[in-house]
Amino acid sequence: MKIPETYKNKSLSELKNLATKWTNKVVRKRDEGKKCISCGQYKTLEAGHFYSAGHHDHIRYLLDNIHGQCTRCNRHLHGNLIEYRRGLVVRFGEDFVASLDLKKQNSKGWNGWDRFSLIILIQEMQQKFKELNKSFQL
Ligand SMILES: [Zn+2]
């Protein structure tokens, strides 16, 4: 793949920030109008990680690991994780959560994000965001 000009002079941490920005946009768009995954209330949603980005770098941009959460659950209750797990089971089923647990464990050989995978990811997220926007407008 040819690296687009826009990304050529970006540092790794700038690319990570962009990846976070676009991933969160996708999550908030996908979960627009849904309840908070943890407490079940209809509130303004943030993109909240189930497995924290800080401790689980390899799944920090995995959409299955990030869901719309209210500010209270996401920040003040540090993810409100017991209720988060329950919410995931209710919304997606036990298999979904089991598969997410497996992905979390499967970090063997993980070397961190490189520029190339970040650029691919950013472009995928931008594409997803576009598609979600389209389907919301119908
Ligand atoms: Zn909540």
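# Close-up views of a predicted chain

Of the 138 residues of the chain, 25% count as buried, where buried means 20 or more other C-beta atoms within 10 Å of a residue's own, exposed means 12 or fewer, and partly exposed lies in between, with C-beta atoms placed from the backbone. The model is predicted: local features need pLDDT of at least 70, side-chain atom pairs count only at pLDDT 80 or more, and totals for chains, interfaces and linings use all residues. Residues are numbered from 1 along each chain as its sequence is written.

**View 1. The whole chain has six helices and two strands.** Helices (H or I, at least four residues) and strands (E, at least two) are DSSP runs, numbered from the N terminus. Starting at that end, you can follow the elements in the order α-α-β-β-α-α-α-α. The C-alpha trace spans about 45 × 40 × 30 Å along its principal axes. A compact globule of 138 residues would have a radius of gyration near 14 Å, and the chain's 16 Å agrees with that; the radius is taken over C-alpha atoms, and the globule rule is 2.2 Å times the number of residues to the power 0.38. Of the contacts between residues at least 6 apart in sequence, 75% join residues at least 24 apart. A contact here means that two C-beta atoms, placed from the backbone, lie within 7 Å.

**View 2. The largest nonpolar core is made up of twelve residues.** Such a core is a set of buried Ala, Val, Leu, Ile, Met, Phe, Trp, Tyr and Cys residues joined through C-beta atoms within 7 Å. Its members are Leu 15, Ala 19, Trp 22, Val 26, Val 27, Ala 47, Tyr 61, Ile 66, Leu 118, Ile 119, Ile 122 and Met 125. Helix H2 (12-30) and helix H6 (115-137) each supply at least two of these residues. H2 gives the largest share, with five residues. A second, separate core has ten residues, including Leu 45, Phe 50, Ile 59 and Cys 70.

**View 3. Helix H2 has its buried residues on the same side.** Look for Leu 15, Lys 16, Ala 19, Trp 22, Thr 23, Val 26 and Val 27, the buried residues of H2. They sit on the same side because they cover an arc of only 140° around the axis, the arc being that of the directions from the helix axis to the C-beta atoms. The length of H2 can be checked too: at 1.5 Å a residue, its 19 residues should span 27 Å, and its end C-alpha atoms are indeed 27 Å apart. The expected span is 1.5 Å times one less than the number of residues in the helix.

**View 4. Strands S1 (residues 45-49) and S2 run antiparallel, joined by five bridges.** Two strands pair if DSSP finds at least two bridges between them. Within this pair, Leu 45 stands opposite Cys 70 in S2, and Ala 47 faces Gly 68 in S2. Four of the five residues of S1 are buried, so that strand is mostly covered. In S2 (residues 66-70), five of the five residues are buried, so the strand is largely enclosed by the rest of the structure.

**View 5. Ala 47 and Glu 46 each have their own set of contacts.** Leaving aside residues up to four places away in sequence, Ala 47 touches Asn 24, Val 27, Arg 28 and Ile 66. Glu 46, found in strand S1, touches Gln 69, Thr 71 and Asn 74, again not counting residues up to four places away in sequence. Glu 46 counts as partly exposed, with 19 C-beta neighbours inside 10 Å. Between Glu 46 and Ile 59 there are 18 Å from C-alpha to C-alpha, and they are 13 residues apart in sequence.

**View 6. His 78 and Asn 80 lie in the loop between H3 and H4.** Helix H3 covers residues 71-76 and helix H4 covers 81-92. Most residues other than glycine have a negative phi. In His 78, however, phi is positive, near 55°, and in Asn 80 phi is positive too, at about 45°. Which of the two words, buried or exposed, fits Asn 80? Asn 80 is buried, with 22 other C-beta atoms within 10 Å, whereas His 78 is exposed, with 10.

**View 7. Ser 11 is found in the loop between helix H1 (5-8) and H2.** Ser 11 is exposed, with 9 other C-beta atoms within 10 Å. The C-alpha atoms of Ser 11 and Leu 81 are separated by 33 Å, and the two residues are 70 apart along the chain.
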